[in-house]
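Got your viewer open? Load the model, set it to cartoon, and let's take a walk through it.

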Amino acid sequence: DKPYLIFVGSVIPRKRIELLLIMLDQIGKNDLKLIICGRLEDRHYLETLREKIKKIGLEGRVFFLGPVSPQAIPYFLNQALAYVTASSFEGRPN
């Protein structure tokens with residue numbers, strides 16, 4: 001029900017999601033949220049991101065949905081203000 005940005009992709013270090021957290025914090029709009037859709041296979045990286053969320057005060061503004069079916073992705077993209085990414089490398093994106 002509130003405006004949100006969306007990231008779709010695996011939650012792995014080369015996707016540089018920590019930069020999206022910094023961006024969200026620097027925007028300064030407290031009602032803007034970030035939804036992250038994608039596989040959560042790298043538990044260490046996920047925990048690092050959760051610690052960063054807590055450290056910079058983004059609790060309640062960042063949501064990890066985990067894997068989302070390909071059929072649901074258009075819905076999330078259509079509802080979002082924008083798709084965001086900070087990936088340092090894309091090999092063969094889906």
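Before selecting anything else, jump to Tyr75: with a relative accessible area of 52%, Tyr75 is exposed. Now click on its sequence neighbour Phe76, which is buried at a relative accessible area of 19%. The cut-offs matter here: buried means under 20%, and exposed means over 50%.

Show both side chains as sticks. This is the one aromatic pair in the structure. The ring centres of Tyr75 and Phe76 sit 5.6 Å apart with their planes at 75°, so the pair counts as edge-to-face. A general reminder: two numbers describe such a pair, the distance of the centres and the angle of the planes.

Zoom out for the overall layout, keeping in mind that this is a predicted model. You should be able to pick out three helices and four strands. Trace the chain along the sequence and the pattern reads β-α-β-α-β-α-β. Along the principal axes, the C-alpha trace spans about 35 × 30 × 20 Å. The radius of gyration is 13 Å, which agrees with the value near 12 Å for a compact globule of 94 residues. Of the contacts between residues at least 6 apart in sequence, 83% join residues at least 24 apart.

Switch on a surface if you like: the accessible area comes to about 6000 Å², with 52% of that belonging to carbon and sulfur atoms. As for the interior, 35% of the 94 residues are buried.

Next, select residues 17–27, which make up helix α1. Which residues of α1 are buried? Colour Ile17, Leu20, Leu21 and Leu24, and you have them. Look down the axis of α1: the buried residues fall within an arc of 105°, so they line one face of the helix. The general background is that an α-helix has 3.6 residues a turn, so residues three or four places apart point the same way.

What covers that face? Add β1 (4–8), β2 (33–37), α2 (43–56) and β3 (62–66) to your selection; the cover of the buried residues of α1 includes these elements.

Stay in α1 and centre on Ile17. Ile17 counts as buried at 0% relative accessibility. Leaving out residues up to four places away in sequence, Ile17 touches Phe7, Ser10, Val11, Ile36, Tyr45 and Leu49. Try the distance tool from Ile17 to Ile27: they are 10 residues apart in sequence, and their C-alpha atoms are 15 Å apart in space.

Last stop: step just past α1 to Gly28, where phi is positive, at about 85°.

Terms used:
Residues are numbered from 1 along each chain as its sequence is written. This is a predicted model: local features need pLDDT of at least 70, side-chain atom pairs count only at pLDDT 80 or more; totals for chains, interfaces and linings use all residues. Side-chain values use heavy atoms; hydrogens and water are left out. Buried means under 20% relative accessible area, exposed over 50%, partly exposed in between (1.4 Å probe, protein chains only). Helices (H or I, at least four residues) and strands (E, at least two) are DSSP runs, numbered from the N terminus. The arc is that of the directions from the helix axis to the C-beta atoms. Contact means heavy atoms within 4.5 Å. Rings of Phe, Tyr and Trp (its six-membered ring) pair if their centres lie within 6.5 Å; planes under 30 degrees apart count as stacked, over 60 as edge-to-face and the rest as tilted. The radius of gyration is taken over C-alpha atoms; the globule rule is 2.2 Å times the number of residues to the power 0.38. Accessible areas come from the Shrake-Rupley method with a 1.4 Å probe; for residues, only the protein chains shown count as cover.
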